Every structure is written in C-alpha cells, then in structure tokens.
Amino acid sequence: MLKINNLHASVEDKAILRGINLEVKPGEVHAIMGPNGSGKSTLASVIAGKEEYDVEEGEILLEGENIDDLAAEERAHKGIFLSFQYPVEIPGVSVTNFIKTAINETRKAKGLDDMPANEMLKLIREKSELLEIDRKFLSRSLNEGFSGGEKKRNEIFQMAMLEPKLAILDETDSGLDIDALRIVANGVNKLKSKDNAVIVITHYQRLLDYIVPDFVHVLHNGRIVKSGPKELAHELEEKGYDWIKEEVNA
Amino acid sequence: MSKYTEDDLREELKTKEYEYGFYTDIQSETFPVGLNEDIVRAISKKKEEPEWMTEWRLESFKIWKEMVEPEWANVHYQKPDFQAISYYSAPNSKPKYDSLDEVDPELLATFDKLGISLDEQKKLAGVAMDVVVDSVSVATTFKKTLAEKGIIFMSISEAIKEHPELVKKYIGTVVPQKDNFYAALNSAVFSDGSFCYIPKGVRCPMELSTYFRINQAGTGQFERTLVIADEGSYVSYLEGCTAPMRDENQLHAAVVELIALDDAEIKYSTVQNWYPGNAEGKGGVYNFVTKRGLCEKNAKISWTQVETGSAVTWKYPSCVLKGDNSVGEFYSIAVTNNYQQADTGTKMIHLGNNTKSTIISKGISAGKSQNSYRGLVQVSSRAENARNFSQCDSLLMGNECGAHTFPYIEAKNKSAKIEHEATTSKIGEDQIFYCNQRGIDTEKAIALIVNGFSKEVLNKLPMEFAVEAQKLLEISLEGSVG
C-alpha cells in the first residue's frame, strides 16, 4: 500500500524528517508515536502533499507508484485521506455541500460523472448513521462553531464518505472527551477492512485502546527509532519517551 | 509536487482575461463628440420626444453645467473628458422586429457568445426580455402576456410616446435632476432604458429581465430606468450586463428610479460584468450609477446586486422609506480584481414610522484592487421605531488589495434601533490545502470558499440569475483553466 524510503523533508530550510522508512500493507493499522516536535504531523502533511514542505531525499510510493510529483488533490484522488489535527472552517459551505464537491471532484478526476443525487443521499444517510451524526449537523457550515468533538467526528464522516485506501489520523484524539473518543474510534474501526490501511498519529496511548494497532513506531528527531507490536505503546505510556531518547543516544 | 503559495494565487488571478471581450460590428449611427444644448436637442429630436421632455433635458443640462464631478469616493481615475464623448449611438437596423429572424444576425451571434441567446432565454420559463444594445431597444418578448395583465414593459423612449402621463408624473421624482453630477448628466442625455408599470393589485407573473450592453467604441451609455409598482402590486426585475473589451475607458452613468406605492413590492436584481480593464489596469468601464427607490406605506424594495465588472464603480442603490411600515433591503456582492476600484453601498433613509431596513454587503478583493463599502443609515426625527441591521463582510485574497468600510449613521429619533456588524477575513493557505486534501483543486476551492462567503446574498437572487452570478464570481476570481 504505502512504502516510504529514506524520506528527508524540510520546511524553510529546517530539516524535520531525516530518513523515514515505513511500509504499510493493506489491512494494517500502524501507530506513530513520539514526543512533541519529533516530526509526526510533518510526516502526515508530507504524505498528503502539503506544498510548504520540501522533500529533499527519498521517495513515497503508493501502491508502487512514486507520488512525489503529485499535487495534494491528485494524491487525494488516489485514495490518501488525512484527518486533520485542526480542521479549518469554511463559512457558508455546508458539510453536505463540501463532501458532495469532494466526492464529485474525485469522480471527475477518474473520468466519472457526478454521483446521482439519490445515491449521494443514500450514502450520506448510511454513513451518518454509522457515526451517530445528527442530520442537522450536515447542514451547518463546515467546522464553523463546531466543538472539538464535532470537528473530529466530521473528519471521520468525510473519511467514511470518501472511502480512502490509506487514512492518516493526525492527533484525532486531541481535544476529545472520552465519549467522543469512543464514537470516533468506533467509526474508524467500522471503516477498517482488509483492503485499506490506517496510520494513527498520536501522542498518547489512550486512542490505541480503541483503535488497536498492528505496529507501533516511535518517531524521534525525524527518524523512526523504534518499532514494535502494540505492547510498545503501553511501555511508552508507563515509561514516557525519555528512555527511548537515551537508548538512541547511547 | 506542485507548490501553492500566496504568490501563485496572485499570479493565477492576474492571468484571467476577460471572457466576454469582443466587439460586434453592427452598423451604427453615431453623433459627433461633445455636449451642448444643440446635442441635447438633437437627442430629443432623434427620439421624436414631446416638447416637455426636451425642456426637461435642457433644464437638466443647465443644472449639470453648474455642477462638479464628485471626489469624495475612495476611487482614483482619470476624469472623463465629457466633451470627447459621443452622446448618441443607435444600431442602424431599424425599425423594430416582430420576430428574431429579422434581427441582425451579427447581434444574435453576440448574444450567442455571451451564452444568453434569445432562443435560450425564451425557452427559460417565465423570463421576458427587453434587450438593450447600445442604447436602443431592439427586441421585446412576452409583451402580450404582460399586456393581458395590464403590465407595461417597454423601452423608456416608447413609454415617453405611449404613456407620457406616467413618465411625466414619476420621472425625476426619486432621483431629481440636480441630485448629483452624473444623475444630472443622465437626465440631459439619457439614450434609452426600460420602463415598467405594474397596475394596482397585479402580481407580475414572470421575472422581467433586461440585458444592457455597451457596444460602440467611445459612446457613453446613459440608461434611464423607471419602475412603478402601483398599490398592492409585485414585480421582480432583473438587470444583467456585459460589455465587449475596449481599450479606452467607457463611461456609463445610469439612473434607475423605483416607485413602490402603498403595499407594493419591488425586487430589483443586478448582475454587472462590464469590462474591468486588463491586468495592468488599462481600459475598463467607469460605472457611475444612481439607483434609488421610494417606498410608500407598507411597501418594500429589495436591491440585490452582484458587481464583478467595471474599472471604477460608484454606486449606492438606496431606499427612501417614506411610508409607515415600509421595508428596504440591500444585498450586495462586490468583487474587485487587478486594478479595479469599487466604492459601493447603500443609503437607507427612514422617514416613516416602524420602517425597517437590512443591509448585507459582501466585498471580495483580489489583485491590487480597492473595494469600499459606503453606507448611510439615516433616521429622521419624526420616524418612530425605525430599525436597521447592517452587516459588512470583506474577504481578501493576497496582500496587495484593500477592503474599506465607511458606515455612516445619523439617527435623530431616540426610538431607533441600529445594529452594525463587520468582519474581515482572508482566504488562507490552510483552507486551500484542506480542500486540496479532499480532492478539490485550488481553483474549485477558491470558488467554493467565495460562494460560501457570498451565500447569504446569492440566496436572494432569482434561481436562474444565481447560477449566472456564481459563474461570474468564478470567472472574475479564478485562474484560467488548462
């Protein structure tokens, strides 16, 4: 699905990623953990194609294809989805209108016609039920005045609608109370299949109780310094990140 | 991986050329340049006007000669040389036609290019059109249906001949000849325009629609529109404009007067897309318009405008709320790009008791343009319980444009309730990236954000106009595709 080889990336000449190697196969859930400033969110943005990051070395392959030269929207068309840590507001554009546009633009890129209205409606109904989303919510302006929980649920709703191959959840747990966390995590679990993959970026173990990873990677100073099974997350929760830093420096 | 920065956005905005830039070669009859009493008389004679009209024009001309061009607006331009303009130009192919087959094929091709061919428009249910090309009305449709209801919808030149009593009674009552420099000029030299009368208690069954064009090099266009809604009647009037690309500046000074008698309602919607000048700020239309409506008891006037064109815009569609319980509304989207300058807004004059006004203004600035909202809410000492709500939002694209708000409030009655809200925002790279990440390219993303920003106003437009307006917003702001 996703293969990252020796990825180096910088922003404004400041090196942030210094040689990332990662392979994610269909059906897998990978957790990327690490202290603040280790490069977690940068990695998510670089995979999604945010323009302010310069890729200086290495490559990102999606299903064997190098996507380095693709614009963010082209990567999205190929099935990459990023759940934002801080989803932006777009006043006057309803959740429904936004997702409709996103779906139809993706279809257009694939040479398909717009999704028929009744089909769209059915899909919206189905996915909003899955995520326990109130229909009224869908007519509100995108993220405007949304609570932290609503914003994240809206991200997962869009993910459900777009059915990506690779979903990257960037700090989806931040700003969520325990109930909202459970709803969001349940949503992700329901959407998981043997054909898609999920990368969960998080600072805390908490979310991983609900979305159980197959692999846990620890990011430090722009490198993955340790990888292991899900138990690694518990170890990090207990011992913090300092022992990893020491291990790396030793 | 493609980069997208503020610079790219600016670059992209710069490259959008005017889509409707072309010039139709129709034989015209044009007056020599310059303005004096003889020219005013000649215009009146050409149009076979009665004596009272000629006198009214001459009086206006005298007033105009004594006036100076206003300079208070937040716009800077080379003042037109009023003696270098030809004040009359009419397509030669007269007389009027009964069917489209008789219309100059060149003209029809022009409409085709604009995507507003009469054929297409005719098919659009419920739209009647009085098409104005270069000042003279050349085709009118749906006249019969309207006539059955007693509705008069014709060019103002015809109305002066056929319904002099109505024109004489109302012309200049809302916008007096001496109102301002451009209104005085228009009163002296107006070439043509539309006239509309809705009889008592009649609800006009269709949207009345006029397309204006400026089509002859160097001829200023001076439209005069008069809409009278008699007691208890209703009319929705659409005005849409495009103009061909020209290098020299073209002057446009229109006057629109609306009269809503007791319990009547007028909805007046405008889409204005005149040539805005090129990316360097060369050329473009000067649009100096005076639009005002008078509301008698329980009457309502709604102005809705989408202004995307013209190099310089000076325009304040206003409502005089004379009658008790009358209502005035102003919904506006003004887009400026490159070197365009717009100074636009409204005046709500509360004279009657329990009068209510609403102002929603959305300004979108890009490029090096300047976009100003200027509004006046005035409550007279005798107007009890007047209410106003104003909201002025500005959206900026890039770092070189300007958005300004000049709200004036004059309340002389203590019972008045006046609210004013204003916001300024900027299209952020984060918003664009968010859309990109969902598969929406930058051009579409900007359209989406701008349409969202303008939604409250777009919703006020009649359906078929709203679609056209959205298209215009996209054309005005986006980079050319492919």
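**Where chain B meets chain A**

Hi everyone. Between chain B and chain A there are twelve residue pairs in polar contact, counting pairs with both residues at pLDDT 80 or more. That pLDDT value is there because what we are looking at is a predicted model.

So which parts of chain B do the touching? Two helices, α10 (429–437) and α11 (442–458), each supply at least two residues of the side that touches chain A. Of these, α10(B) has the largest share, with eight residues. If we sort that side of chain B by class, we get nine nonpolar, six polar and seven charged residues.

Now the contact as a whole. Chain A brings 39 residues to it and chain B brings 22. Together the chains bury about 2600 Å², and 61% of that is on carbon and sulfur atoms. There are also two salt bridges between them. In a salt bridge to look for on your screens, the side chain of B:Arg438 meets that of A:Glu155, at 2.6 Å from N to O.

Next, please turn to the largest pocket, which holds about 600 Å³ of space. What lies closest to its centre? Among the 24 lining residues, those are A:Asn97 and A:Lys100 from chain A, with B:Asn451, B:Gln470 and B:Glu474 from chain B. Chain A gives two or more lining residues from each of β7 (90–94) and α3 (95–109), and chain B does likewise from α11 and α12 (463–477). The biggest contributor is α11(B), with seven residues. That is a helix we have already met, on the side of chain B that touches chain A. By class, the pocket lining has nine polar, eight charged and seven nonpolar residues.

Thanks for listening!

Notes: Residues numbered from 1 in each chain as written. Chains lettered and ligands numbered in written order. Predicted model: local features only at pLDDT ≥ 70, side-chain atom pairs only at ≥ 80, totals over all residues. Heavy atoms only, no water. Contact = heavy atoms within 4.5 Å. Buried area = accessible area lost by both parts, 1.4 Å probe. Salt bridge = Lys/Arg side-chain N within 4 Å of Asp/Glu carboxyl O. Polar contact = N/O pair within 3.5 Å; in protein donor to acceptor, adjacent residues only side chain to side chain. Helix = DSSP H or I, 4+ residues; strand = E, 2+ residues; numbered from the N terminus. Nonpolar A, V, L, I, M, F, W, Y, C, P; charged D, E, K, R; others polar. 1 Å grid on protein atoms, 1.4 Å probe; cavity = no way out; pocket = protein on both sides within 12 Å on 5 of 7 lines; lining within 4 Å. Points joined across faces, edges and corners; volume = space filled by probe spheres on them.
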